[in-house]
Every structure is written in structure tokens, then in C-alpha cells.
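User: Hey, I've just opened this one and I'm new to it. Can you walk me through it?
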Amino acid sequence: MTTYPILNAPTLTTPEAGSTTAAYSVEDWSSGYRSQPDEHSYWITDIEGTIPPELEGTLFRNGPGLLEIHGHPVKHPFDGDGMISSIAIQGGQAYFRNRFVRTAAYLAEQQAQKPLFRGVFGTQKPGGPLANAFDLKLKNIANTHIVYWADKLLALWEAAEPHRLDPTTLETLGLDYLNGLIGPGGSFTAHPKLDPGHHGDERLVGFSLKTGLSSTISLYELDAEGRAISQHSHTLPGFAFIHDFALTPHYAIFFQNPVSFGPLPFLLGLKGAAECISYDPKQPTKLLIIPRNGDPMQVIETDPCFVFHHANAFEQDGEIVIDSVCYDRFPSLEGASDFRAVDFERVPAGELWRFTVDLAAGKTAVTKLITRCVEFPTLHPERVGRPYRHLYIGAAHAAEGNAPLQALLKLDTHTGETQVWSAAPRGFMGEPLFVPRPQGQGDDDGWVLVLMYNAERRCSDLVVLDGRDITAGPVARLKLPHHVPYGLHGSFVPHYFGPSDRPLDAQG
Ligand code: FE
């Protein structure tokens with residue numbers, strides 16, 4: 001499943017192929033979309049299995065923490081205020097903390113006890129269209145991703161500035177302008193890429209997008225101190241909806257999805273901006289290949305499809321290979337119903353497609369690597385931009401049809417073999433993250449961490465799986481005594497940001 005599409009429809013269950021047993025109940029699935037207004041900090045004491053002693057660092061997750069504002073429900077989870085969760089792991093022990101990002105809008109709305117801003121995904125201020133028409137202020141909601149770079153922990157939302165937080169306390173420190181790279185009112189992608197050292201040292205590569213009748217992508221590369229060492233801009237005709245990109249040693253690759261933007265309902269206070277995007281299957285999807293050295297962009301067309309997230313890309317034999325989660329059309333944001341009533345059968349499912357680009361010929365070949373419904377890919381961080389073997393991705397329990405993510409799938413891209421671990425019927429996946437084992441061998445030697453929702457307990461679990469064999473199930477399950485609403489993206493930082501007085505150490 002993807003949490004992206006929303007359609008107005010009755011609830012249903014999706015049976016496993018060949019089975020009369022439902023893979024999940026809509027009530028279970030939708031119960032993960034409850035607000036979590038409380039802020040916690042505690043040692044996790046309810047642990048099944050054993051946290052691997054070599055697993056050390058801090059998992060940071062971002063996602064909507066509130067699904068309503070003082071009784072006013074959000075229209076879509078993407079309009080929910082960003083809440084950060086951290087789980088700091090060391091010596092087989094783990095410390096949980098969650099804090100809302102104290103954005104200016106969050107503080108103002110909590111003070112006013114009502115919505116003061118329109119949401120991009122359709123949430124309106126109380127009072128109907130008259131109260132919303134021509135109010136084009138953006139609410140920087142800081143709810144999409146969280147990354148750690150150059151000693152800064154940054155909560156990201158792609159249409160506005162990052163917020164900087166204290167990595168230990170999660171206290172909000174204020175807006176961050178990336179050492180002057182962007183200014184007040186500027187924006188920075190929610191999907192920067194960590195270049196693992198294609199040009200020597202590690203870099204953070206990101207972009208800003210300005211779009212309207214034409215679109216401009218500005219590509220930025222930051223060094224380990226957070227200084228910009230490269231920046232250049234590229235303009236293309238037309239509106240662009242670009243959420244993510246793919247990186248190789250020499251290229252940044254963007255997909256310009258075949259969509260258009262008709263802003264009138266947004267201006268008139270009838271719809272959110274993202275609800276005014278429509279898919280045009282008569283137009284091609286354009287691959288925008290931007291050389292990282294600042295040379296001109298090359299545009300290559302392929303058959304229409306829609307991409308939010310890319311898994312990885314690499315250069316091989318003079319070609320560029322890009323693996324992306326593709327939808328056969330835009331999962332449009334139609335209807336006025338409760339987002340918890342998605343008809344998964346009517347919404348396109350993400351599949352993993354491989355695009356092989358021949359730059360000299362200006363052509364792209366497309367093959368499908370995974371046809372099961374998938375989203376949220378992850379891989380060994382050292383393989384970003386390089387040929388790689390293993391990919392992990394959230395997947396539906398059943399091999400066919402669209403459904404919530406309840407399973408984790410491991411793909412061997414060399415052999416096509418897959419492994420699946422499913423938490424169905426009552427477990428629901430978040431984004432997995434691969435964490436390498438220190439001095440590990442191969443790009444599956446490590447752990448996969450998933451903060452998942454356990455509908456049986458109405459609480460969340462952090463599960464830790466051995467990347468070499470996910471079918472064995474979790475080596476550790478850390479049971480939180482509360483839920484974390486379905487989130488978006490996160491990072492694992494190989495530094496422990498928890499308290500220094502670990503309880504088991506004190507017991508000797
Ligand atoms: Fe995303």
C-alpha cells in the first residue's frame with residue numbers, strides 16, 4: 001500500500017490470493033491513524049528477543065503526530081503536524097523519546113486551539129470557502145523526513161525551510177538555512193541523498209524546486225561541515241511534481257511526472273493545492289538527467305507513469321540504471337471522505353521498475369523487478385549510487401492487488417529471488433531502514449529496523465530483523481506502551497543520542 005492515495009469509498013478487506021481469510025481488517029489498519037498528543041521519554045523495558053549488542057546508534061522517525069487540531073480533523077495525514085520519534089540503542093538497551101516539531105504554525109494553532117492554516121493536502125480552516133479563498137500562506141508542517149548532517153538534526157518538509165532539533169532532547173532549535181544556502185521563505189527537499197564518497201568524502205546532495213508555468217531545479221551538494229561545495233540550477237517548461245530523486249557518481253536524476261496543476265479550486269478555497277494536480281496519461285514521463293558537474297540537463301522521455309520514491313541508481317557500461325517505485329497513474333487526491341476509508345482496489349499499487357537509460361541514444365528501457373504492491377525502499381547506505389545486490393522494501397501481504405503494507409520484502413537484484421516476512425493480519429509496516437553490521441560482509445549483512453503498528457495491542461513495536469534472513473522473523477521486538485501514528489521517513493544515525501545512565505549498567 002501507499003499512504004499517498006486517497007479516494008472516497010467504502011471500507012473493505014483484501015483476502016489473500018487463494019484464501020478465504022482476510023489479510024487485514026480496515027478497522028485495524030485505520031486505528032493506526034490516531035493522534036498521539038503525548039510526549040514520552042523512557043527506557044524500553046518490554047523486549048522480546050535480544051537487541052544485537054553490536055547494534056548501536058539512534059533511529060529517528062518523522063511523521064504526522066496529530067490527525068486533528070482540537071477537534072478539527074485533518075483532510076489527509078500529510079497535513080498532520082510533524083512529530084519526531086527517536087530510539088537510541090546501545091549495549092542491548094533502548095531509549096524512546098517523541099517530541100512535536102515546534103513549528104511557528106504548530107505553536108500558533110495549539111495556542112488558538114483551532115486550525116489557522118490551510119493544508120496542502122486539503123485541510124481547510126473552519127468557515128468554509130469564504131474563510132479559505134485567496135489564503136495562500138503555507139504551513140511549514142515539518143512532517144516528512146529527518147536527517148542528520150554536519151552535526152545538525154533537521155526535520156524536513158519539501159515546500160519550506162528545514163527545522164533544526166537537538167538530537168538528544170528533540171527540542172526544536174528553529175529554522176535552519178543550511179549555512180545561507182537558502183533564505184527565509186526558501187525550501188529544501190524532504191529527500192536529500194547521502195553520497196557515500198563517490199568523490200572522496202561523504203556529501204549531502206539535495207535540491208530545491210520552484211514550479212509554476214515553468215520549473216527550476218537547484219541542485220546543492222554539501223560537504224561534511226555543511227558548506228555548499230556545488231550548486232547549479234536547471235529550468236524546464238511546465239509544472240513539476242517532484243518528491244524525490246536518484247543519485248549516481250556523476251548524475252542526479254529526476255522524474256517529471258505527467259501531471260498538470262489547475263489552481264482555481266485552491267484559490268477559491270474549495271480544495272487544497274495538491275488536490276488540484278491531475279494526471280495526463282497522454283503525456284510522457286520525462287527523465288531529467290542533471291550532470292553533477294553543472295553541465296546542461298538532458299531530458300529523455302518514457303511511457304507515462306508516476307513516481308514518488310526512487311530505490312537506487314548506478315552507472316554501468318555507459319548506461320544509467322534507476323530503480324523506482326512506480327504507479328501506472330497518479331493516485332489522485334479526489335473525494336471529500338475520511339482518508340481512513342481508502343478503497344485500495346481502486347488505487348494504483350506501487351511496483352518496483354528498473355529504467356535503463358542509454359544517454360547517447362536518448363532512450364530508456366523499462367523492466368519490472370517487483371510486481372507485488374511495494375513502497376518505502378531501503379538499502380545498504382554504502383551502495384547508494386553504486387551497483388548493489390540487495391534491496392528491502394515494505395510490501396503487501398498478498399502477492400497481488402493493492403493493500404496496506406504488512407510485510408517486508410528482500411530482493412536479490414542479481415538473481416531475482418525474494419524473501420518475505422509478513423506481520424499480517426494485525427501488523428502494519430512503516431518504512432524499513434537497513435543498518436549495516438560493523439565490519440559486515442556483503443550488502444545484506446546487517447539489520448532491518450521497522451517501526452510498525454501492532455493493531456492487536458493498539459501500540460507500536462520496533463522490530464529488528466537479520467538482513468541475511470528476514471524470513472526468520474524479528475531477532476528483537478521492542479514493544480512501546482503506546483502507538484506512534486503511521487509515519488513517513490526516517491534515518492538511522494550510527495551515534496547513540498540516549499541518556500548516559502543506562503539502567504542495566506547501574507544494576508551491574
Ligand atoms: Fe517521501
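Analyst: Sure, we'll start with the whole chain and then go through some details.

Analyst: This is a predicted model, where local features need pLDDT of at least 70 and side-chain atom pairs count only at pLDDT 80 or more, while totals for chains, interfaces and linings use all residues. Residues are numbered from 1 along each chain as its sequence is written, and side-chain values use heavy atoms, with hydrogens and water left out.

User: How many helices and strands does the chain have?

Analyst: It comes to five helices and 35 strands. Those are DSSP runs numbered from the N terminus, with helices being H or I of at least four residues and strands E of at least two.

User: What radius of gyration does the chain have?

Analyst: The chain has 22 Å, which agrees with the value near 23 Å for a compact globule of 508 residues. That radius is taken over C-alpha atoms, and the globule rule is 2.2 Å times the number of residues to the power 0.38. The C-alpha atoms fill a box of roughly 65 × 60 × 55 Å along the principal axes.

User: And how much of the chain is buried?

Analyst: Buried residues make up 60% of the 508. Buried means under 20% relative accessible area, exposed means over 50%, and partly exposed is in between, using a 1.4 Å probe and protein chains only.

User: Okay, strands. What does β13 pair with?

Analyst: Strand β13 (residues 203-211) pairs with β12 (residues 193-195) in the antiparallel sense over three bridges, and L194 stands opposite L204 there. β13 also pairs with β14 (residues 214-222), again antiparallel, over eight bridges. Two strands count as paired if DSSP finds at least two bridges between them.

User: How many residues sit between β13 and β14?

Analyst: Two, and the strands form a hairpin. Within that pairing, L209 has I217 as its bridge partner.

User: Jumping to β35, which way do its residues point?

Analyst: G490 and F492 point one way and S491 and V493 the other, and all are buried. In a regular strand the side chains alternate between the two faces of the sheet. β35 (residues 490-493) is joined to β3 (residues 57-64) by four bridges, and the two run antiparallel. L59 stands opposite F492.

User: Now D461, buried or exposed?

Analyst: D461 counts as buried because its relative accessibility is 0%. Its place is in strand β33 (residues 459-466).

User: What does the D461 side chain make polar contacts with?

Analyst: One polar contact, of 2.5 Å, joins it to the side chain of R457, and another, of 2.8 Å, goes to the side chain of R477. A polar contact is a pair of N or O atoms within 3.5 Å; within protein, one must be able to donate a hydrogen and the other to accept it, and residues adjacent in sequence count only if both atoms are side-chain atoms. Leaving out residues up to four places away in sequence, D461 touches residues including V450, M452 and L478. Contact means heavy atoms within 4.5 Å.

User: Different topic: how many disulfides are there?

Analyst: Zero. A disulfide is counted when a pair of cysteine sulfur atoms lies within 2.5 Å.

User: Why is there no bond between C326 and C305?

Analyst: Because the sulfur of C326 is 3.9 Å from its closest cysteine sulfur, in C305, and that is too far for a bond. C326 is buried, with a relative accessible area of 1%.

User: Last one: where is G318?

Analyst: G318 is in the loop between β22 (306-316) and β23 (319-327). At 68% relative accessibility, G318 counts as exposed.
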